[in-house]
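Please open the model in your viewer, keep the sequence panel beside it, and follow the selections below in the order in which they are given.

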Amino acid sequence: MALTFRPNMKAKAMTLDISFQPMRVLIDGHDSDGRLILADSQLAAVIVRLDGETHNPEHKGQWYLEAGFGKCTIRVAPLFRTPEEAGAWVEQTLMRKAV
């Protein structure tokens with residue numbers, strides 16, 4: 001009798017290892033608190049905390065996608081409440097199948 005391996009189709013999809021590296025970002029003298037977002041040790045995005053006086057007060061303290069790489073390159077950059085929320089967006093974007 002032969003045994004056959006059948007993958008568990010209900011198993012959770014593989015996830016990426018999302019990590020953050022604090023980095024000062026030089027942008028016109030403000031908005032310098034940044035994070036590099038790494039997906040499986042590869043640079044996927046750079047986010048910057050909005051703290052400059054020129055920003056809408058309701059956006060102050062939120063995180064802005066300053067640069068995205070690969071699938072994270074988009075035209076209209078989103079805002080995030082936390083770096084972790086940005087990391088979840090990066091993972092979701094990278095795991096999305098190409099259309």
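Colour the chain by secondary structure and read from the N terminus: the elements run β-β-β-β-β-α, which comes to one helix and five strands. Bear in mind from the start that this is a predicted model. Of the 99 residues of the protein, 28% count as buried, and residues 24 or more positions apart account for 25% of the contacts with a separation of 6 or more.

Next, select the five strands together. They form an open sheet in the order E1-E2-E3-E4-E5, with antiparallel pairing. Strand E1 (18-24) and strand E5 (79-80) stand at the edges and have a single partner strand each, so one side of each is left without a neighbour in the sheet. Now restrict the selection to strand E2 (residues 33-39) and strand E3 (residues 42-49), which pair in the antiparallel sense over six bridges; to follow one of these pairings by eye, pick Gly-34, whose bridge partner in E3 is Val-48.

Add helix H1 (residues 83-95) to the view. The helix packs on the sheet, where it touches E1, E2, E3, strand E4 (63-68) and E5, and its direction makes about 125 degrees with that of E1.

Staying with strand E2, show the side chain of Arg-35. This side chain makes a polar contact with the side chain of Asp-33, at 2.8 Å. Leaving aside neighbours within four places in sequence, Arg-35 is also in contact with a set of residues that includes Phe-20, Gln-21, Val-46, Trp-63 and Pro-83.

Turn now to the nonpolar interior. Which residues make up the largest nonpolar core? Select Ile-37, Ala-39, Ala-44, Ala-45, Ile-47, Trp-63, Leu-65, Cys-72, Phe-80, Ala-86, Trp-89 and Val-90, the 12 residues of this core. The elements that give two or more residues to it are E2, E3, E4 and H1. Apart from this core lies another, of five residues, among them Val-25, Ile-27, Leu-36 and Val-48; Val-48 is the residue already selected as the bridge partner of Gly-34.

Within the largest core, centre the view on Ala-44, which is found in strand E3. Is Ala-44 buried or exposed? Its relative accessibility is 4%, and it therefore counts as buried. Not counting residues up to four places away in sequence, Ala-44 touches Ile-37, Ala-39, Ala-67, Gly-68, Phe-69, Cys-72, Val-90 and Leu-94. If you draw a distance from the C-alpha atom of Ala-44 to that of Ile-18, 26 residues away along the chain, the separation is 9.4 Å.

From Ala-44, move to Cys-72, which touches Ala-44, Leu-65, Trp-89, Val-90, Thr-93 and Leu-94 when residues up to four places away in sequence are not counted. One of these, Thr-93, has its place in helix H1 and is buried, with a relative accessible area of 5%. Leaving aside neighbours within four places in sequence, Thr-93 is in contact with Lys-71 and Cys-72.

For the last stop, look for aromatic rings: a search of the whole structure finds one aromatic pair. Select Phe-80 and Trp-89, which form this pair in a tilted arrangement, 5.8 Å centre to centre and with 50 degrees between the planes. Both Phe-80 and Trp-89 are buried, and both belong to the largest nonpolar core.

Key:
Residues are numbered from 1 along each chain as its sequence is written. This is a predicted model: local features need pLDDT of at least 70, side-chain atom pairs count only at pLDDT 80 or more; totals for chains, interfaces and linings use all residues. Side-chain values use heavy atoms; hydrogens and water are left out. Two strands pair if DSSP finds at least two bridges between them. Helices (H or I, at least four residues) and strands (E, at least two) are DSSP runs, numbered from the N terminus. Contact means heavy atoms within 4.5 Å. Axes are lines fitted to C-alpha atoms, for helices over the stretch in contact, and angles run from 0 to 180 degrees between N-to-C directions. Rings of Phe, Tyr and Trp (its six-membered ring) pair if their centres lie within 6.5 Å; planes under 30 degrees apart count as stacked, over 60 as edge-to-face and the rest as tilted. Buried means under 20% relative accessible area, exposed over 50%, partly exposed in between (1.4 Å probe, protein chains only). A nonpolar core is a set of buried Ala, Val, Leu, Ile, Met, Phe, Trp, Tyr and Cys residues joined through side-chain atoms within 4.5 Å. A polar contact is a pair of N or O atoms within 3.5 Å; within protein, one must be able to donate a hydrogen and the other to accept it, and residues adjacent in sequence count only if both atoms are side-chain atoms.
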